[in-house]
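Let us walk through this assembly together, one interface at a time. Please have the structure open as you read.

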4 protein chains.
Amino acid sequence: MGINSPLNRKLRMGLVGGGQGSFIGRVHSIAACLDNRAVVTAGALSSNPERSKASAPDYDIDPARAYGSYQEMLDAEAKLPEGERIDFVSVTTPNHTHFEIAKAAVEAGFHVVCDKPMTFDLAQAESLLESVQKSNVVFAVTHNYTGYPLIRQAREMILGGELGEINAIRSQYIQGWLRTSLEAEDQKQAAWRTDPSKSGAAGAFGDIATHAYNLGRYMTGLLPDSVSCSLKSFVEGRRLDDYGTAVIRYENGGLGTVTASQISHGRENDFEIEIDGTKGSLRWRQENPNEMIVRRNGSPHQIYTRDPGGSHMNGSGAAACRLPAGHPEAFFEAFANIYAAVFDAIAKRAEGGPVEKRDTIYPNVFDGVEGMYFIQQCVESNIQNSAWLPLKHEAARR
Amino acid sequence: MGINSPLNRKLRMGLVGGGQGSFIGRVHSIAACLDNRAVVTAGALSSNPERSKASAPDYDIDPARAYGSYQEMLDAEAKLPEGERIDFVSVTTPNHTHFEIAKAAVEAGFHVVCDKPMTFDLAQAESLLESVQKSNVVFAVTHNYTGYPLIRQAREMILGGELGEINAIRSQYIQGWLRTSLEAEDQKQAAWRTDPSKSGAAGAFGDIATHAYNLGRYMTGLLPDSVSCSLKSFVEGRRLDDYGTAVIRYENGGLGTVTASQISHGRENDFEIEIDGTKGSLRWRQENPNEMIVRRNGSPHQIYTRDPGGSHMNGSGAAACRLPAGHPEAFFEAFANIYAAVFDAIAKRAEGGPVEKRDTIYPNVFDGVEGMYFIQQCVESNIQNSAWLPLKHEAARR
Amino acid sequence: MGINSPLNRKLRMGLVGGGQGSFIGRVHSIAACLDNRAVVTAGALSSNPERSKASAPDYDIDPARAYGSYQEMLDAEAKLPEGERIDFVSVTTPNHTHFEIAKAAVEAGFHVVCDKPMTFDLAQAESLLESVQKSNVVFAVTHNYTGYPLIRQAREMILGGELGEINAIRSQYIQGWLRTSLEAEDQKQAAWRTDPSKSGAAGAFGDIATHAYNLGRYMTGLLPDSVSCSLKSFVEGRRLDDYGTAVIRYENGGLGTVTASQISHGRENDFEIEIDGTKGSLRWRQENPNEMIVRRNGSPHQIYTRDPGGSHMNGSGAAACRLPAGHPEAFFEAFANIYAAVFDAIAKRAEGGPVEKRDTIYPNVFDGVEGMYFIQQCVESNIQNSAWLPLKHEAARR
Amino acid sequence: MGINSPLNRKLRMGLVGGGQGSFIGRVHSIAACLDNRAVVTAGALSSNPERSKASAPDYDIDPARAYGSYQEMLDAEAKLPEGERIDFVSVTTPNHTHFEIAKAAVEAGFHVVCDKPMTFDLAQAESLLESVQKSNVVFAVTHNYTGYPLIRQAREMILGGELGEINAIRSQYIQGWLRTSLEAEDQKQAAWRTDPSKSGAAGAFGDIATHAYNLGRYMTGLLPDSVSCSLKSFVEGRRLDDYGTAVIRYENGGLGTVTASQISHGRENDFEIEIDGTKGSLRWRQENPNEMIVRRNGSPHQIYTRDPGGSHMNGSGAAACRLPAGHPEAFFEAFANIYAAVFDAIAKRAEGGPVEKRDTIYPNVFDGVEGMYFIQQCVESNIQNSAWLPLKHEAARR
């Protein structure tokens, strides 16, 4: 079977961001190309035209298609014949620029993969949703942790009722890299993330608590009801939160907790999630993503390893694996699974059939809206002395 | 040096509770006697006089000193000559009976080791504190996790400033044994713990969240300011909480979270605590108590093992060890460390010197009061829609 | 039911060794008394009579029964009336003195608990076996790791065929404390262990590889056929091995490996064993003794926790537990399980019934002989360039 | 800087093997292309010409360059202009075919990346070494575990003396997938691996013990002296070993052990290595490859995480990372590091400078020879009742 059948060709990526010194742009390009289903064809790699061109060789991009700005890229590419122009745009710039780029790409008819948080604020997110709804493009937001095979496995188990009714979700994402005021030292990654004009209303909560919240939603499908949040900025002079905790009431009566930290010495990306249902519980930790503990009273604890041939694995879990059990997979492969699902959707769309937009296997524009709503309500709850505020947005995926 | 010098003899224990079918009474007796510093001399092992006598042989208690009630024991023992009568009373009965027993023992002049939570409600706790203050007895509450060597180690490190200013405490105690309505099946341990007339105002929060809260207080000395709490009873028909989370504001601006569950399938006594300071962070988990992870940005993570000869160990950590590194110690030994500290205090008191009552190495009556205040305020906050309520009691240990 | 029914009284221990500065003597006394089934009544705590008497108060031993030598103790105690004299002798002195003490105790009619290795050489062990066979005493050797609940659990599983035919045993015991020449610094524990006149023919292999070999034998019952061994003394000037590996052929065609080290930096008592059968495999590690991993192809890996109420636990596993799951047990409790089994045997003997001597739940004099044979054959194989030498002694337990 | 500077272009891969149903061919293509430095240009994907062509679309190979055999590919590609023809050949077929393919490719002047074990027997390996020596090509053997960042880190530490003199290496690779006779069920991966005419003289020892041996050699540089080996075929009817252990004497007096199993229920690719030096010890396990434990007596144990920005990381460790700490990397990325080093060598060769052939960062043809010698001597030692046989081949890398 050909690549991206029925297209039978690689898809062409237009990368926005990713210039020299970038981290996440490189991640997107590796992830997109991992399965040989895409190629980086064009780029607006930097907001500085010269730097954009200078970065092109890193990606083997034809200099003619290393553009000085995203607008230039969209304009030029749209004019190319269908067999040459890019298929999708990956938005890997700082948060405050996502909206204009993504919206322009959608409106130009390109599929989009946008980094998270999707936009700068909720209004932008809702506007972008509207644009996507009007269009026929595939739109994904890289809540990349949803791409781990065992997360897909857990999701199918939970949605299929294997854990029973879900009572509790505990999710925490603990980092330590912003323990000191790196922004005062002009460290690039720290600088924009702690600057409200670039990062948005939240710091740690926008950067990582969104992942922690999203993953619980993705895995369980529980609809939120309300949230009470407490945020802190422990580092002197910091303008955004670097620590916080949110308590979430779900519509079914379940209780969730989301804790995020960027000030815990030595903690790297220690993101873990625990889910309790009436029939079983599970625990997964991203720093050791190839195993998940599943427990049921009265039986020995079970270690579910990522094992595509294992009898314990379901369809969506096994399908997300590239290697047999015991050969670890990790961050890039999970990220690539988001891209793979996007490519599947693009290919399916090429066939002309009807497509699901809301409850997709990849995180989508609806999730992007929910994420922005989560950030907004957390920040506001914190301002209101942790008051309970509504958390269910009408765009919630199900 | 003799046992319990300058007393140079074993101390005599009067055990209340611990009859056939009891769990915690047996734990107290093993812990108290582990170091050969005490002997179980008398007992009111059951509220049923016959069962009390029938249980005496299990402890090798002279039948003449197997009493039919705690009152009988206190009366009879008080009349014995000093060289024969019991030295201390261990209260290991259900929560609602602690107060009367402990108070009577204190007033009869016996030292007391009382299981937690100390009393049925705050008023009782405050009354008991008053009695203890008036007396000259040693009074301990078995927040047993404070006895683990690495907890003592961490406490000394933190109070000595090695982690800097403390910003955050995350503490969670996750169990699964009450996932189903064991109380409906008349399981003894479940029955009284879920019965408000015996357990008090809280279920999981009284039984285990108190430990989780206490341990953070003990280790860091941070004074609490206020609490916001959400409690749930997930099992149908249950009258007390079996799940909940509390957010705590500390006076220094720090933020704490305490989560307790009794409904998480397969979880045993999964109690873990994470503490973040400006200079370092640490993590400890009671199911693997012989190691603690200490992290500092810029250095490899460190595994502090319980190692009495290790250069990383401080005085209180090393003093709490009985075995060299690599030979694990566990629950009983930690529990025995509470008793050992009590015996030290009793021996010191025998010397006639002044004694510390509030900031002791063992958890004491002040901690007991704080624990009851924590339970009361959590329950009340939950009733008031998670309102922030004061959490600092004037009896707080420091 | 009374203590040590039908005796209905505590058993009286006569401790040899255990004077000030001793480690293992204290361990024996704590373990023996943990369940309140025994009391330290008499002692020959040191080969120096004054030090022996000076150490007596540590154990609350009546000064009159703190003897100047083991001979004195045996003589004096034997003359006491049955209701007063000691019941058993615990031998906790350096290796080269075990034989004479143990043999004298046996011949004086006392039950004996002897530390390992049982004797200085095989001839002594065989002589001691003969004495025990002629006597009616209970004789145990403290291969203490056999006392862990999950080891007992595994043994019952394996002997019951749950893992199928056993093909392979991998056992390694890794320490680091003798990395430098502590003996040159006169460190007491190091000095005798590295002195061939006190320790016997082997160093690490006598001290810890014996445990590693014994545990595999105990758990599987596989009978050995032959051994090929390589020993090393990595620390300059050391006269005994501090590292080595032995390959073992079992009679059923299985293959075993035993590796022991005392020179691995930072390793504490990292003793682990892996067993492969045709139907399942398992892995246990003493530094985290409350769990064991059981694996079967085609099923998720299982974590068997020490859980007396767990459906996965069998009779001998559950019977060895004192605490519910999640409250860890450790070294002392495992050691105490050896004593508990000895006390059971003593009590049974008091009833006059027939008793098993060879295939007991506690490690016995037969195991002691096997251990000495293992040491002898390993040392000899190493001398003969790792030649395969016979390993099956006629005293092998089954 | 351009890709593969000074070449400034992607390198063109000719893939042999990798047709439908293949595992390792796909791995090679993903690994080679991960960093966008290579593209799969041509292939002889199957020994069946039709299947070869049918598999071409999976790799987006131009049908014109999907050849019916490796000879056809080499001939046709050699005739293409330099700017079009493939740069290197990846050999991913069963063991018995490696030699002819690799040799032909070398002699045709193509760089080669060959899967391991390098050849069918030692004679072939030595012949291939001769060919490579005469040529100017880069030749790598995919002992892929050498590509893990923490392995590179450890190697630089050890070669730089940070662990002192190396005394002991314990390496074990435990699998369970061949527990039953999959070959009797015609499972493709099992069938050739257990067939002496395809796999070579050894089973588990050729497939995985070679990795375990190679990794110790790579990390420490210790030169071997001799080996004593015991092999077993536990599964009935199996013609090659599925379990075994080898003891290795190193020239410096160190002792190594290599154990390999394919019959351990539920074990996946549980490959771990422990190294003891006079100044420190370390432990790494491939199923959790982002951390390594480093220990030194007198200090807390250290967890070295894969952390390119960490102060504990050295040059070769950090250079092998693609992601910041806490975002796990795994098998593909390690494999890609072998390719990256090969590409560096190809690029360097393009500059015309002198190149290192023997002590390269990637595993090379010398390692391939050593691997075959290891297999040969292990098999022979086993036949000779575990006799010590020489293990140092003159081709040993240093």
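Between chain A and chain B there are four salt bridges, a salt bridge being a side-chain nitrogen of Lys or Arg within 4 Å of a carboxyl oxygen of Asp or Glu. In one of them, the side chains of Arg267(B) and Glu274(A) meet with N and O 3.0 Å apart. Polar contacts across this interface come to 34 residue pairs, both residues at pLDDT 80 or more. A polar contact here is a pair of N or O atoms within 3.5 Å; within protein, one must be able to donate a hydrogen and the other to accept it, and residues adjacent in sequence count only if both atoms are side-chain atoms.

A word on the ground rules: this is a predicted model, in which local features need pLDDT of at least 70 and side-chain atom pairs count only at pLDDT 80 or more, while totals for chains, interfaces and linings use all residues. Residues are numbered from 1 along each chain as its sequence is written, chains are lettered from A and ligands numbered from 1 in the order in which they are written, and side-chain values use heavy atoms, with hydrogens and water left out.

Which strands of chain A each supply at least two residues of the side that touches chain B? They are E6 (166-174), E7 (224-232), E8 (243-250), E9 (255-261), E10 (270-277) and E11 (281-285), where strands (E, at least two residues) and helices (H or I, at least four) are DSSP runs numbered from the N terminus. E6(A) gives the most, with five residues. By class, this side of chain A has nine nonpolar, 21 polar and 13 charged residues. For that tally, Ala, Val, Leu, Ile, Met, Phe, Trp, Tyr, Cys and Pro are nonpolar, Asp, Glu, Lys and Arg are charged, and the others, Gly among them, are polar.

In all, 43 residues of chain A are in contact with 43 residues of chain B, contact meaning heavy atoms within 4.5 Å. The area buried between the two chains is about 3,500 Å², of which carbon and sulfur atoms give 45%; buried area is the accessible area (1.4 Å probe) that two parts lose on being put together, summed over both. Leu255(A), His265(A) and Asn297(A) lose the most area to chain B, together 18% of what the chain A side buries.

Now turn to chains C and D. A rotation of 180° with 0.0 Å of shift along its axis superposes chain C on chain D, with an RMSD of 0.0 Å; copies are superposed by least squares on the C-alpha atoms of residues with pLDDT of at least 70 in both. The two copies are thus related as by a two-fold rotation axis. In chain C, the C-alpha nearest that axis belongs to Ala387(C), 4.1 Å from it. Both copies use the same surface, as 100% of the contact residues of chain C recur in chain D.

Here 43 residues of chain C are in contact with 43 of chain D, and about 3,500 Å² is buried between them. Four salt bridges are found across this interface, including the one between Arg267(D) and Glu274(C), whose closest N and O atoms are 3.0 Å apart.
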